[in-house]
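New to this one? Take a look at the structure below before reading on.

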Amino acid sequence: MTMDATLSGHLQELRRGTVVVASLTVLREPGYGYSLLETLSAAGFEVEANTLYPLLRRLEAQGLLTSEWNTDEARPRKFYRTTAEGDAIATSLREEWARLDKAITDLDRTTGSAK
């Protein structure tokens with residue numbers, strides 16, 4: 001396996017969890033899938049529709065999102081919103097992310113690798 005393929009695989013693993021946190025954070029305000037894709041993309045999260053929509057369904061099944069159909073427009077859209085439990089999970093995940101970031105930074109400093 002090449003270095004590029006190895007790095008690509010690790011980056012994919014790292015991004016997978018960040019998309020969950022980002023989605024729960026963005027969907028504190030109601031939004032539909034395509035607008036979420038655009039928002040995440042603009043913020044630098046690379047995620048494809050065929051990855052995002054199953055994630056939204058999984059988060060809804062876990063009780064972290066709720067959804068409802070808006071049929072007021074010509075094309076019905078399913079809007080998602082973070083539940084109170086989803087918001088609590090997102091807050092905990094962001095706190096853990098900050099803790100891990102600090103731990104990595106501290107390791108970097110103690111091993112003399114800081115640049």
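What follows is a quick tour of the sheet, one of its residues, a loop and two pockets.

Keep in mind that you're looking at a predicted model. At its heart for this briefing is an open sheet made of three strands, in the order 1-3-2, with antiparallel pairing. One residue to keep an eye on is Tyr 32, which sits in strand 1 and helps line the second largest pocket.

**The sheet**

- The order of the three strands is 1-3-2, and strand 1 (31–32) and strand 2 (65–70) are at the edges. Each of these two has a single partner strand, so one side of each has no neighbour in the sheet.
- Strand 1 is joined to strand 3 (residues 77–82) by two bridges, and the two run antiparallel.
- Strand 2 and strand 3 are also antiparallel, and six bridges pair them up. One example is Ser 67, whose bridge partner in strand 3 is Tyr 80.
- Strands 2 and 3 make a hairpin, with six residues in between.
- As general background, strands in a sheet pair through backbone hydrogen bonds, in either a parallel or an antiparallel way.

**Tyr 32 and its company**

- Across the sheet, Tyr 32 stands opposite Phe 79 of strand 3.
- How many aromatic pairs does a search of the whole structure find? It finds one.
- That pair is Tyr 32 with Phe 79, and its geometry is edge-to-face, with 5.4 Å centre to centre and 65° between the planes. The pair ties together distant parts of the chain, as Tyr 32 in strand 1 and Phe 79 in strand 3 are 47 residues apart.
- Setting aside residues up to four places away in sequence, Tyr 32 touches Arg 77, Lys 78 and Phe 79.
- Tyr 32 and Leu 56 are 24 residues apart along the chain, and their C-alpha atoms are separated by 10.0 Å.

**The loop after strand 3**

- Where is Thr 83 found? Look in the loop between strand 3 and helix 4 (84–110).
- The side chain of Thr 83 reaches the backbone nitrogen of Gly 86, at 3.0 Å.
- Thr 83 is also in contact with Gly 63, Leu 64, Leu 65 and Thr 66, once neighbours within four places in sequence are left aside.

**The largest pocket**

- This pocket holds about 330 Å³ of space.
- Helix 1 (3–26) and helix 3 (49–61) each supply at least two lining residues. Helix 1 gives the largest share, with five.
- Among the lining residues are Gln 12, Arg 15, Arg 16, Glu 46, Glu 48, Asn 50 and Leu 55.
- Sorted by class, the lining has five charged, four nonpolar and three polar residues.

**The second largest pocket**

- Here the space comes to about 210 Å³.
- Which parts of the chain each supply at least two residues of this lining? They are helix 2 (33–42) and strand 3, and strand 3 gives the most, with three residues.
- The lining includes Tyr 32, Tyr 34, Tyr 53, Trp 69 and Tyr 80, along with Arg 75, Arg 77 and Lys 78. Two of those names should ring a bell: Arg 77 and Lys 78 are touched by Tyr 32.
- By class, this lining counts six nonpolar, three charged and one polar residue.

Note on methods: Residues are numbered from 1 along each chain as its sequence is written. This is a predicted model: local features need pLDDT of at least 70, side-chain atom pairs count only at pLDDT 80 or more; totals for chains, interfaces and linings use all residues. Side-chain values use heavy atoms; hydrogens and water are left out. Two strands pair if DSSP finds at least two bridges between them. Helices (H or I, at least four residues) and strands (E, at least two) are DSSP runs, numbered from the N terminus. A polar contact is a pair of N or O atoms within 3.5 Å; within protein, one must be able to donate a hydrogen and the other to accept it, and residues adjacent in sequence count only if both atoms are side-chain atoms. Contact means heavy atoms within 4.5 Å. On a 1 Å grid over the protein atoms alone, a cavity is a set of points where a 1.4 Å probe fits but cannot get out, and a pocket is an open set with protein on both sides within 12 Å along at least five of seven lines; lining residues have an atom within 4 Å of a point. Grid points are joined across faces, edges and corners, and a volume is the space filled by probe spheres set on the points. Ala, Val, Leu, Ile, Met, Phe, Trp, Tyr, Cys and Pro count as nonpolar, Asp, Glu, Lys and Arg as charged, and the others, Gly among them, as polar. Rings of Phe, Tyr and Trp (its six-membered ring) pair if their centres lie within 6.5 Å; planes under 30 degrees apart count as stacked, over 60 as edge-to-face and the rest as tilted.
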